[in-house]
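Student: Please pick one part of this structure and look at it closely with me. Which side chains pair up there, and how well covered are they?

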Amino acid sequence: MISGAPASGKGTQCELIVKKFGLVHISTGDLLRAEVSSGTEIGNKAKEFMNAGKLVPDEIVTAMVTSRLSREDAKENGWLLDGYPRSFSQAQSLQSLKIIPDVYIVLDVPDEILIDRCVGRRLDPVTKKIYHVKNFPPETEEIKARLTTRPDDTEEKVKSRLEIYKKNADAILSTYSNIMKRIDGNHPKEVIFGEIDSILSQVLNDKEKKRKLGSSLSQSSSVQDNWRGIPTKLNNIPHSRDIRNYFYDDVLQATKRSINDGGIRLKVENNIPELNPEMDVYRIGTLMELVRTLALSFADDGKSVKVCVQGSMGEGALAGMPLQLAGTRQILEYMDWGEYGAMGTFIKIGAIGAKYVDETDDLFILVAPQNAVGNCIIEDLQAMTDAAGDRPVILINPRLKDLPASSGIMQTMGRDKRLKYAATFENCYFFRLLYYAGTQYPIMGALRMSYPYRYELYKRVDDPSGKEKYVILSTYPKKPTIDEVNDAFEGKPRNENKKAVGIWGFLSGILQN
């Protein structure tokens, strides 16, 4: 699948993809015109709505798409679905029919560039050739004199079309987020296609490897395909390897996207049961595997990575470190870091503080930095980030709230400054399961955010076959409040005020951290 805003260059890339890979290009606009002109049953139904100036219903468009996908050329050569689905219901219809793409490519171009491309476009009514007043001017004055502007290429209409595109893109995000590949579309077409070529070639290589590995891997892959956002059976401990790998990759892709966009003070909060120290099934090994996945991936990119674990804090009777981190450094040192010698060359282990920042370090991964009773890690953390400058610092499952001792240390002195500094780290990934008040079973839903996308609120439901699945209730541009979560679960409009009471009232302490 490929998606892009108006004037993003999507049409050009589709032509290049079809030429290189021989895929069948399927565009809903082309399908509609073809079905209507052929006078098919579906085409006649679509024509009724089009003549009435109404949008063609999802079920008709989906029927046309699935009919085209069922033809032999699409089955044999593969397909490229262009600009569809455009709504959550369309995406779910495809999912229910087991029509699942290998990759979802999104062309990202800044709004101001898209507006300039559209507003500057000119049409030659004689040759039907498209020009641009700055980027691709006409060859002669004669051609220039007869050029016209399309009615929908005004700035006002272009902005309106961009808003519609963004709304549609957000609607299907949860369905395809784990196979999405975002590409900077503000480059020459050859550069953009080079990235697409690399992605699709890798997809083909992976499919060939899976085919050779046999049916066992295929079954595992199909289970993951059906997750589409949230794996199931998350209260089954230990988590399966598939589930752990899903979250490791989900965190990795979000973190890389954030760093590629210039993020330098980042925070990962992944509270699946095995990574949630508030639960009795917490496993330090799962946290270490997540850290290793991140570090090795950045090392593969040629980065010098410093993995940091805080040491003992305080003096005298207050000396010590959080129990959650006890033995963590030794575990990291004894872990398997691969056969090509990444540990000690591209990856090094350090602690938290300015003196552990070296000039050769490219980025820093901090393992669950947290305050201990009566002791605060934030002073050392701030000194470290100051020394790191514009190099990325990634906090994995931090816990930076004050934990005052009986003497009241840390309760008031400098608290505002500490909280203000802690807030400078932006979430690039967030995941937390939601439960009934005071329980850890059953799972009621989940809240997920993967940079640069919106927070997604899911409800866990059991389908008629007895299998569980997660259904998206709503999305939010920032972490939702307890009231917003309550309203979504109770089916109330977002602007209807209510107090955080009842079975969901307990979430206020979770979501507002």
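Tutor: Buried means under 20% relative accessible area, exposed over 50%, and partly exposed in between (1.4 Å probe, protein chains only). By that rule, 45% of the 513 residues in the chain are buried. This is a predicted model, where local features need pLDDT of at least 70, side-chain atom pairs count only at pLDDT 80 or more, and totals for chains, interfaces and linings use all residues. Residues are numbered from 1 along each chain as its sequence is written, and side-chain values use heavy atoms, with hydrogens and water left out.

The chain has 18 helices and 16 strands (DSSP runs numbered from the N terminus: helices are H or I with at least four residues, strands are E with at least two). Let us look closely at helix α12, residues 241-260.

Start with charge. R241 and E289 join their side chains in a salt bridge, 3.1 Å from N to O. The two residues come from distant parts of the chain: R241 is in helix α12, E289 is in helix α13 (residues 284-300), and 48 residues separate them. A salt bridge here needs a side-chain nitrogen of Lys or Arg within 4 Å of a carboxyl oxygen of Asp or Glu. How covered are the partners? E289 counts as buried because its relative accessibility is 15%. R241 is at 40%, so it is partly exposed. The link does not stand alone. A network of salt bridges connects R241, R244, E289 and R292.

Now the rings. The whole structure holds 6 aromatic pairs. Rings of Phe, Tyr and Trp (its six-membered ring) pair if their centres lie within 6.5 Å; planes under 30 degrees apart are stacked, over 60 edge-to-face, and the rest tilted. For contrast, take one pair first: Y131 and F136 are stacked, with 5.3 Å between centres and 20 degrees between planes. Y131 is buried, at 3% relative accessible area. F136 is partly exposed, at 38%.

Back to our helix. F247 and F431 meet edge-to-face, 4.9 Å centre to centre, with 65 degrees between the planes. F247 lies in helix α12 and F431 in strand β13 (residues 426-435), so this pair ties together parts 184 residues apart in sequence. Both rings are covered. F247 is buried at 1% relative accessibility. F431 is buried too, with a relative accessible area of 0%. Add Y246, and the three residues Y246, F247 and F431 make one aromatic cluster.

How does the charge link compare with others? The structure holds 27 salt bridges. One of them joins K129 and E139, whose closest N and O atoms are 3.1 Å apart. K129 sits in the loop between β5 (121-123) and β6 (130-132), and E139 in the loop between β6 and α8 (141-146), 10 residues away. Both are partly exposed: K129 at 35%, E139 at 48%.

So put helix α12 together. Through R241, the helix reaches helix α13. Through F247, it is tied to strand β13.
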